[in-house]
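Here's a quick tour of a two-chain model, written for someone who'd rather be at the bench. Have a look at it first, then read on.

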Amino acid sequence: MRLSAPAGLSRAVLAPLRAVVLLAVVSVAVFAATELLPGDAADAVGAGRASAAQLAGLRAERGLDRPGWERWASWASALLHGDAGRSLLTGRPVVDVIGGRLPATAVLAGSAFALTAPLVLLGCVLAGRRALRRPGDAGGGLATALTAVPQVVVAAALAALLSGVLRWVPPVSLLPPGGGPPDPSILVLPVLTLALPSAAFGVALLGGVVADALRRPYVTDALVRGVPAGRVLRRHVLPVLAAPALRVLAVVVGGLAAGGALVETVFGYAGAGELLVSSVAARDTPVVQLLGLGSATAVLAVLLLADLVPVRS
Amino acid sequence: MNRVSLAFAFVVVAVTLLGPALAPYDPAAPVTAPWQASSVGHPLGGDVLGRDVLSRLLAGGRRLLVLSLVAAAAATLVGTLGGLAAGWGGSRVLAAGADLLLAVPVLLPALVLAVSLPGDAAVVAATVVAGAPLTLGVVRDATAGARERGYVRAARLRGERTLAVLLREVLPAVAGVPAADLGLRFVTALQLASALAVLGLTDAPATGDWAAMLRENLAGAALNPAALAAPALLLAMLSLSVAAAAHAGLRHAFGTGDAS
């Protein structure tokens, strides 16, 4: 960053400001993408059967005939007051609909993250060792290549192997109907499908930074002078890595949020991601809006953390 | 590596274009028992409705490939024009939002857009929204570098109009960047197109589609794993080879490192 003298102070003020502005921009984008394109909620509720007069009545009742920015403003201010509206499909409050799905998603995303983090660490250690041993080599090719593979392919390959050929786990991950904790075996496929691409992405982004940090002159100098490797790591390498690592964390959080939608739907796991996809299919706009905005907020929150950590270059 | 991946991408594209004519059975008609394991007449077995997996594999690449190409071309075109303009004007647009663009995965905007757009249009729109800024960034850097070269200055001093200088002098010099970048945008579009197809948000043709095959045959993983593994393998090979070629092309265009 180009911040100068009172860098700490301006960062503490500017970073949250930037996050708030970006959040507002994202909310406009989400609202515009879902509300302003042709085919509004009245069309969705009418489903082609309602007459033009009924549609007009429905639009007036829901305020769909007002200008776009006015509708965005009232939507956003209602959201700030904790009111996200009601599902077009069931009529239940959106917050309740989503809240009912969050525990299942938390279990899945938490398990996936618990697997992703050590995998990224391992990948970075390997990248660092490689950088020390072969200084001219850029490395990171394998992880970068793996990020190209579509996540659905990972899902299908794991299902074909673990549940098709080896028959270790069931191919669908249905939650017990009465609630309660899920059987761990149903989590294997969704957790692996979420964690492996996220880990590859994390290593692709962070591995190069680790290798660069280890190649800095003061690090090689310290090692040559005989400073213990552990101290070099603590004093010269890890502080440089804090901010990039938090940025990668934001990417991983975003990957888990989007991947969750895919993985939960593919394996029939009834969490918030599956809700997002089924709401998209049913054109249940209020639910999609809050889920989309919520995922973006999670990513922005971690990016804000990354901005607040002092950058050492 | 580069040549191998290009050759593989070429083979997949050739199979996609010629495949429908080579399919031994009607890809839309049931000819086996559901999820029948592989046999002599059906080397990859049958799918959920007993359709021949090999025939569906040969017929099922075209739609995904065409859709991904259209989306990638749209994103690259928008990004290249924006990058030429930004690089010429020395503007640093988009620096503030760059983190966000990197961190928000493409699938989220695609899903949000799919509320009001048909699935295929959402794939194109999300590829442009998420990909064009990245293309813009690399083209901007390449354009800013080309701006001060002798032949560009000569053209400007000759009094040629800016647009003519950009299209005739600068664009040919930086064209390697958007060409390689097209590959990366293609990979993104392919990931999106296959994700939305698996989620059932696009209209897959009756003759099949590699991504839709994954969805159809997941529940039969234990009966005929080949129905799941074969389309997964083709999708993986296609995306891996195109991405490898694109990375090599970008390294070549920017002249950094060895084009391994």
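Which residues of chain B does the UniProt annotation "transmembrane region" cover? According to that unreviewed entry, they are residues 64-86, 93-115, 121-139 and 222-246. UniProt positions follow the numbering used here, feature names are shortened, and annotations may be inferred rather than shown by experiment.

## Ground rules

This is a predicted model, where local features need pLDDT of at least 70 and side-chain atom pairs count only at pLDDT 80 or more, while totals for chains, interfaces and linings use all residues. Residues are numbered from 1 along each chain as its sequence is written, chains are lettered from A and ligands numbered from 1 in the order in which they are written, and side-chain values use heavy atoms, with hydrogens and water left out.

## Chain B, end to end

Chain B has 11 helices and 0 strands, so its pattern along the sequence is simply α-α-α-α-α-α-α-α-α-α-α. Helices (H or I, at least four residues) and strands (E, at least two) are DSSP runs, numbered from the N terminus. The C-alpha trace of chain B spans about 75 × 40 × 30 Å along its principal axes.

Now back to two of those annotated stretches. Residues 121-139 of chain B are 100% helix and 0% strand, with end C-alpha atoms 25 Å apart. Residues 222-246 of chain B come out at 88% helix and 0% strand, and there the end C-alpha atoms are 36 Å apart.

## Chain A's annotated stretches

For chain A, the unreviewed UniProt entry puts "transmembrane region" on residues 12-33, 106-128, 140-166, 186-211, 245-270 and 290-309. Among them, residues 106-128 are 100% helix and 0% strand, with 32 Å between the end C-alpha atoms. Residues 186-211 of chain A are also 100% helix and 0% strand, and their end C-alpha atoms sit 38 Å apart.

## Where the chains meet

In this model, 38 residues of chain B are in contact (heavy atoms within 4.5 Å) with 48 residues of chain A. The area buried between them is about 3600 Å², and carbon and sulfur atoms give 79% of that. Buried area here is the accessible area (1.4 Å probe) that two parts lose on being put together, summed over both.

On chain B's side, the elements giving two or more residues are α4 (98-103), α5 (107-113), α9 (176-198) and α11 (225-254). The largest share, 10 residues, comes from α11(B). By class, that side has 32 nonpolar, 5 polar and 1 charged residues. Ala, Val, Leu, Ile, Met, Phe, Trp, Tyr, Cys and Pro count as nonpolar, Asp, Glu, Lys and Arg as charged, and the others, Gly among them, as polar.

## How far to trust it

The predictor gives the complex an ipTM of 0.82 and a pTM of 0.84. Mean pLDDT (the predictor's confidence in each residue, from 0 to 100) is 83 for chain B, where 92% of residues reach 70 or more. Among the elements of chain B, α4(B) has the lowest mean, 62, and α9(B) the highest, 90.

Chain A has a mean pLDDT of 82, with 87% of its residues at 70 or more. Confidence in chain A is lowest in helix α2 (residues 41-46), at a mean of 60, and highest in helix α11 (residues 272-281), at 90. Over residues 1-5 of chain A the pLDDT is below 50, and this stretch has 4 contacts beyond near neighbours in sequence. Where pLDDT is low, the predicted coordinates shouldn't be read in detail.
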